[in-house]
Amino acid sequence: MRAGVLRRVLSATTAVSVAALLSVGLRADSRAQALQRPDLGGVWTLNAGLSDVPPEPSEAGGGRDGGGERGGRDPGRGDGGRGRGRGGGLGGFAPGAGSGRPGGMGRAGGRGNPEGAARVRDAVRDIMEPPAHLTITQTESMVVLTGPDGRTTRLSPDGQKVKDENTKMERKTRWDGGKLVSDISGIGPGKITQTFTLDAERRRLRITVLMEGGGRSGQPRTSTRVYDADVR
């Protein structure tokens, strides 16, 4: 009788100890992951000399020259490297392109909804051509990007898909080691991946945009914008 009771007590004690160890291990793993996440917060200014110029629509679409390669800043443009040309300078990744929808602006746009079309264009431009000045606020559950005009982009790095009802754009953001990766869909036939990488030693932020399936050639294209931290 006493032996049976003792065995039950020992079994319960062992279970509690195992649960406690697992809990400690999970907390330690969570802390380790949090330490790997860089602090992207701050005020950032574009380093045009280190940044790519967004490709012109003719280049991304594989025009007569067969599609241009990614280039450096063209000092003759006088536009701070934004590279806005005909078609909004979106590198051939027109929202809703190839969808067969009127006006080519996708679900949120079209000829019957000019305001929705403008919102989509602004959203895509913010991705393809981040502004020359960028303010980032970061918490444990949210990363907020604010441009000079006050427009904000909220990234929730929990891996859950978040949909913007105004533009129908969907984002799925996650931490991948020391990088913040945001997969974007719902704005056309292709997919965009936006990656934020911090060079803590040089205090530089690198925002890389990978476009897949959005141009006439169908070839993936990459564009990178480099930012320096403002000194306070």
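This short presentation walks through the fold of one protein chain and then looks at a few of its residues.

Good morning. The structure before you is a predicted model. I shall begin with the chain as a whole. The chain holds three helices and ten strands. Read from the N terminus, the order of these elements is α-β-α-α-β-β-β-β-β-β-β-β-β.

How much of the chain is buried? Of its 232 residues, 35% count as buried. The area that the chain exposes is about 13,400 Å², and carbon and sulfur atoms supply 50% of that area. Let us also consider contacts between residues at least 6 apart in sequence: 50% of these join residues at least 24 apart.

I turn now to a pair of strands. Strand 3 covers residues 143-146 and strand 4 covers residues 152-155; the two run antiparallel, and four bridges join them. As one example of this pairing, L145 has T153 in strand 4 as its bridge partner. Between the two strands of this hairpin there are five residues, and in the hairpin G150 takes a positive phi near 90 degrees.

G150 leads us to the subject of backbone angles. Most residues other than glycine have a negative phi. Which residues here depart from that pattern? One of them is K168, whose phi is near 65 degrees, a positive value in a residue other than glycine. K168 lies in the loop that links strand 5 (161-163) with strand 6 (170-176). Another is R203, with a positive phi near 55 degrees, and R203 is likewise not a glycine. R203 sits in the loop between strand 8 (191-199) and strand 9 (204-212).

Are these two loop residues buried or exposed? K168 has a relative accessibility of 25%, so it counts as partly exposed. R203 is also partly exposed, because its relative accessibility is 34%. The cut-off for buried is under 20% relative accessible area.

My last residue is T173, which belongs to strand 6. Why does T173 count as buried? The reason is its relative accessible area, which is 2%. What surrounds T173? Setting aside neighbours within four places in sequence, T173 is in contact with L155, S156, P157, D158, G159, Q160, L180, V181 and S182. With S182 there is a further detail: the side chains of T173 and S182 are joined by a polar contact of 2.9 Å.

To close, I would ask you to find three places in the structure: the hairpin of strand 3 and strand 4, the loop that holds K168, and the residue T173 in strand 6. Thank you for your attention.

Technical notes
Residues numbered from 1 in each chain as written. Predicted model: local features only at pLDDT ≥ 70, side-chain atom pairs only at ≥ 80, totals over all residues. Heavy atoms only, no water. Buried < 20%, exposed > 50% of the residue type's maximum accessible area, 1.4 Å probe, protein only. Contact = heavy atoms within 4.5 Å. Areas by Shrake-Rupley, 256 points an atom, 1.4 Å probe, with all protein chains shown as cover. Polar contact = N/O pair within 3.5 Å; in protein donor to acceptor, adjacent residues only side chain to side chain. Pairing = 2+ DSSP bridges.
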